[in-house]
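Biologist: I have some questions about how you label things in this model. Can we go through them one at a time?

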Amino acid sequence: MTETNNILSVLDSYTLNNSDDIAKEIADAFRKRRIEKNLTREQVAEQSGVAVSNIVRFEQKGLISLKNLIGIATALGYTSEIKSLFAQPKYSTMEELTQIRKNQNKKKAHRL
């Protein structure tokens with residue numbers, strides 16, 4: 001059974017999630033971190049300036065604006081994680097890496 005669990009965990013990391021799944025995973029992780037810090041939704045709202053109703057909607061449905069996500073992340077001490085979201089280039093192939101390096105100093109993209 002352990003071998004099956006290991007295979008499933010590896011496969012899970014390669015499945016393509018849709019945006020709703022990812023939003024819910026982020027919301028679940030936020031709720032877990034909030035509870036670990038023994039903070040109520042009201043306390044997070046007060047510290048972040050985000051309305052409690054927005055925090056509730058985020059935790060239940062995964063819906064939140066980027067500005068509010070930044071606010072609650074900052075309130076929980078995750079500022080650097082938010083700021084580093086797109087900090088490093090990602091690539092899947094050497095060809096893609098070559099293209100990234102070629103375009104590193106460009107200010108805008110052009111159609112191919």
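Modeller: Sure, and remember that this is a predicted model. Let's start with Glu36 and Arg33: they sit 3 residues apart in helix α2, so about one helical turn separates them.

Biologist: What makes Glu36 and Arg33 a salt bridge?

Modeller: The cut-off is a side-chain nitrogen of Lys or Arg within 4 Å of a carboxyl oxygen of Asp or Glu. For the side chains of Glu36 and Arg33, the N to O distance is 2.7 Å, and they meet in a salt bridge.

Biologist: And why is Arg33 called partly exposed?

Modeller: Partly exposed lies between the buried limit, under 20%, and the exposed one, over 50%. Arg33 has 24% relative accessibility, so it counts as partly exposed.

Biologist: What makes Arg34 and Glu59 a salt bridge?

Modeller: The closest N and O atoms of that pair are 2.7 Å apart, and the rule asks for within 4 Å. This pair links distant parts of the chain, with Arg34 in helix α2, Glu59 in helix α4, and the two positions 25 residues apart. Both Arg34 and Glu59 are buried.

Biologist: How do you know that Glu59 is buried?

Modeller: Its relative accessible area is 4%, and buried means under 20%.

Biologist: What about Arg31 and Glu59, how do you know that they form a salt bridge?

Modeller: Their side chains come to 3.9 Å, N to O, and the limit is within 4 Å. Arg31 is in helix α2 and Glu59 in helix α4, 28 residues apart. Arg31 has a relative accessible area of 40%, which makes it partly exposed.

Biologist: Which residues are linked with Arg31 in a network of salt bridges?

Modeller: Arg34, Arg41 and Glu59 join Arg31 in that network. By the rule, the model has 5 salt bridges.

Biologist: Why are α2 and α4 called oblique to each other?

Modeller: Helix α2 (residues 19-36) and helix α4 (residues 52-61) pack at an angle of about 120°, with their axes 7 Å apart. Roughly perpendicular covers 65 to 115 degrees and roughly antiparallel means over 145, so α2 and α4 come out as oblique. On the α2 side the contact includes Ala23, Ile26, Ala27, Phe30, Arg31 and Arg34, while α4 brings residues including Ile55, Phe58 and Glu59. By type, the contact residues are 6 nonpolar, 1 polar and 6 charged.

Biologist: What makes up the largest nonpolar core?

Modeller: It has 10 residues: Ala27, Phe30, Leu39, Val44, Ala45, Val50, Ile55, Phe58, Ile72 and Leu76. At least two of them come from each of α2, α3 (41-48) and α4. To belong, a residue must be buried and be joined through side-chain atoms within 4.5 Å.

Biologist: Which residues does Val50 touch, leaving out those up to four places away in sequence?

Modeller: Ala45, Ile55, Asn68 and Ile72. Asn68 lies in helix α5 (residues 66-75), and with the same neighbours left out, Asn68 touches Val50 and Asn54.

Biologist: Why does Asn68 count as buried?

Modeller: The figure is 16% relative accessibility, set against a limit of under 20%. That puts Asn68 in the buried class.

Biologist: Last one: what makes Ile100 partly exposed?

Modeller: Ile100, in helix α7 (residues 94-102), has a relative accessible area of 22%. Buried needs under 20% and exposed over 50%, so Ile100 is partly exposed. Beyond residues up to four places away in sequence, Ile100 touches Pro89, Lys90 and Tyr91. The C-alpha atoms of Ile100 and Pro89 are separated by 7.5 Å.

Technical notes: Residues numbered from 1 in each chain as written. Predicted model: local features only at pLDDT ≥ 70, side-chain atom pairs only at ≥ 80, totals over all residues. Heavy atoms only, no water. Axes fitted to C-alpha atoms, helices over the stretch in contact; angles between N-to-C directions. Helix = DSSP H or I, 4+ residues; strand = E, 2+ residues; numbered from the N terminus. Parallel < 35°, antiparallel > 145°, perpendicular 65-115°, else oblique. Contact = heavy atoms within 4.5 Å. Nonpolar A, V, L, I, M, F, W, Y, C, P; charged D, E, K, R; others polar. Buried < 20%, exposed > 50% of the residue type's maximum accessible area, 1.4 Å probe, protein only.
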